[in-house]
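Reader: I want to learn how to read a model like this one. Where do we start?

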Amino acid sequence: MNRIATTALARNLMQDFAGLTGLDPAGALPQRYLWTDAFAVCNYLGLFETTGNPACRELALRLVGQVHHMLGRHRDDDPRTGWISGLELPEAGLHPTAGGLRIGKSLPERRRDEPFNEQQEWDRDGQYYHYLTQWMHALNRASRVTGNPDYLLWAIELARTAHARFTYLPPAGGKKRMYWKMSIDLTRPLVPSMGQHDPLDGLVTYNELQLAATREFGLMAQPVLAQEIADMTGICRGIRLDTDDPLGIGGLLMNASRMTRMRLQGGVGYPGLPQTLLDAALTGLESFTGSGSLELPAGYRLAFRELGLSIGLAAVRKLPELIGKNPDLSGSADSLLRRLQALREYMPQKEQIEGFWLEEKNREAGTWKEHREINMVMLATSLAPDGFLGI
């Protein structure tokens, strides 16, 4: 399919998403979920840049407002009320991310006196660090596209809050670690283990915000996230990155692309890190491809996880051309290009995954319908990825 066709498909998917979740037309009870909405904001911004249709820009900004006013506040079934930051209006409205943002899960968070149930925890509310970093990225994209620095300032405020609450020093000593899931008010961990790629997501996102603040908007002469970046650099050191999960592999590819693009824009370089991420992705791709997962029927597959891989493949597809135009990457251009060449054999999986989930019969499977909104938004991202992949 050509770009016009894929853009039209993405636009239709995002129109359906807006109607299903109470974004457009605005519903009395909108359904907001932070991960999905972060991708959706970027998709609407990308469609605005591609088509010039101001309605797409309006939907992106309306969605930002809905997320802040719903996921930045306590749940309707919670005895606590108001903003989770504890701020009162009008201050709360000026700092909507100061307390973080809820996930938007269907069940309330686990009570302090309630025993841990691993299966049920997936459906319980709280805060996920890797969802917050996606929202930071979406807010940065909103600032870049609109030229309004307020969105970037909210992203930086969210980064500071999340970092302060999710990172900790173990009682026995050693380097800092991170919690995977925190309570809505960020006072206690709900899942104390560390997400495999959470520190990497933080390191890349903090650097993205830093670059935008200093170079794009000129807001601060000095680094505003210096300590957070230093902490994440330390946490990332020595962690295992390779995975055979398609969403995780896609994340490695996206982060390798973002690090390389930031370096090309004058951001801080991390010698060897993009190569390390690409090596881990190549190891994961070999394992995932060998598993035969992409040959299974729809009922045995999770679209949003596969689409994470296809978005990652889209992220690195343009890197050889960008590097070719900017060969001076502190001597790393050749090593990057070798790894990107090795990725070429896996590139057809992007169209393979998209084609599978564009077939109507496959979207009748329970695995699609159970995760309909996140599936349709990430399919739209894969079809028209530029809005999400920008920095």
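Author: With a cut-off: buried means under 20% relative accessible area, and exposed means over 50%. Keep in mind that this is a predicted model.

Reader: Which residues of helix 14 are exposed?

Author: D334 and R338 are exposed. On the other side, A333, S335, L336, L340 and L343 are buried.

Reader: Why do the buried residues of helix 14 count as one side?

Author: First the general idea. An α-helix has 3.6 residues a turn, so residues three or four places apart point the same way. Now the case. In helix 14, residues 333-343, the buried ones are A333, S335, L336, L340 and L343. They cover an arc of only 165° around the axis, which puts them on the same side of helix 14.

Reader: What covers the buried residues of helix 14?

Author: The cover includes helix 10 (246-264), helix 11 (273-291), helix 12 (303-317) and helix 13 (319-325).

Reader: Now the whole chain. How many helices and strands does the chain have?

Author: There are 18 helices and five strands. The radius of gyration is 20 Å, close to the 21 Å that the globule rule gives for 391 residues, so the chain is as compact as a globular protein of that length. Its C-alpha atoms fill a box of roughly 55 × 50 × 45 Å along the principal axes. Of the 391 residues, 55% count as buried.

Reader: What share of the contacts join residues at least 24 apart in sequence?

Author: The share is 72%, among contacts between residues at least 6 apart in sequence.

Reader: Take a single residue, W135. Is W135 buried or exposed?

Author: W135 is buried, with a relative accessible area of 0%. It lies in helix 6, residues 129-146. Set aside neighbours within four places in sequence, and W135 is in contact with L34, D37, A38, V41, L63, V64, V67, H68, L101 and L158.

Reader: Next, the backbone. Which residues does a cis peptide bond join?

Author: One such bond joins D24 and P25, with omega about 0°. P25 sits in the loop between helix 1 (3-20) and helix 2 (34-51). Another joins L89 and P90, with omega about 5°. P90 is in the loop between helix 3 (54-71) and helix 4 (91-94).

Reader: Which residue has a positive phi although it is not a glycine?

Author: L186, with phi of about 60°. Its place is the loop between strand 4 (181-182) and strand 5 (189-191). L186 counts as buried, at 5% relative accessibility.

Methods:
Residues are numbered from 1 along each chain as its sequence is written. This is a predicted model: local features need pLDDT of at least 70, side-chain atom pairs count only at pLDDT 80 or more; totals for chains, interfaces and linings use all residues. Side-chain values use heavy atoms; hydrogens and water are left out. Buried means under 20% relative accessible area, exposed over 50%, partly exposed in between (1.4 Å probe, protein chains only). Helices (H or I, at least four residues) and strands (E, at least two) are DSSP runs, numbered from the N terminus. The arc is that of the directions from the helix axis to the C-beta atoms. Contact means heavy atoms within 4.5 Å. The radius of gyration is taken over C-alpha atoms; the globule rule is 2.2 Å times the number of residues to the power 0.38.
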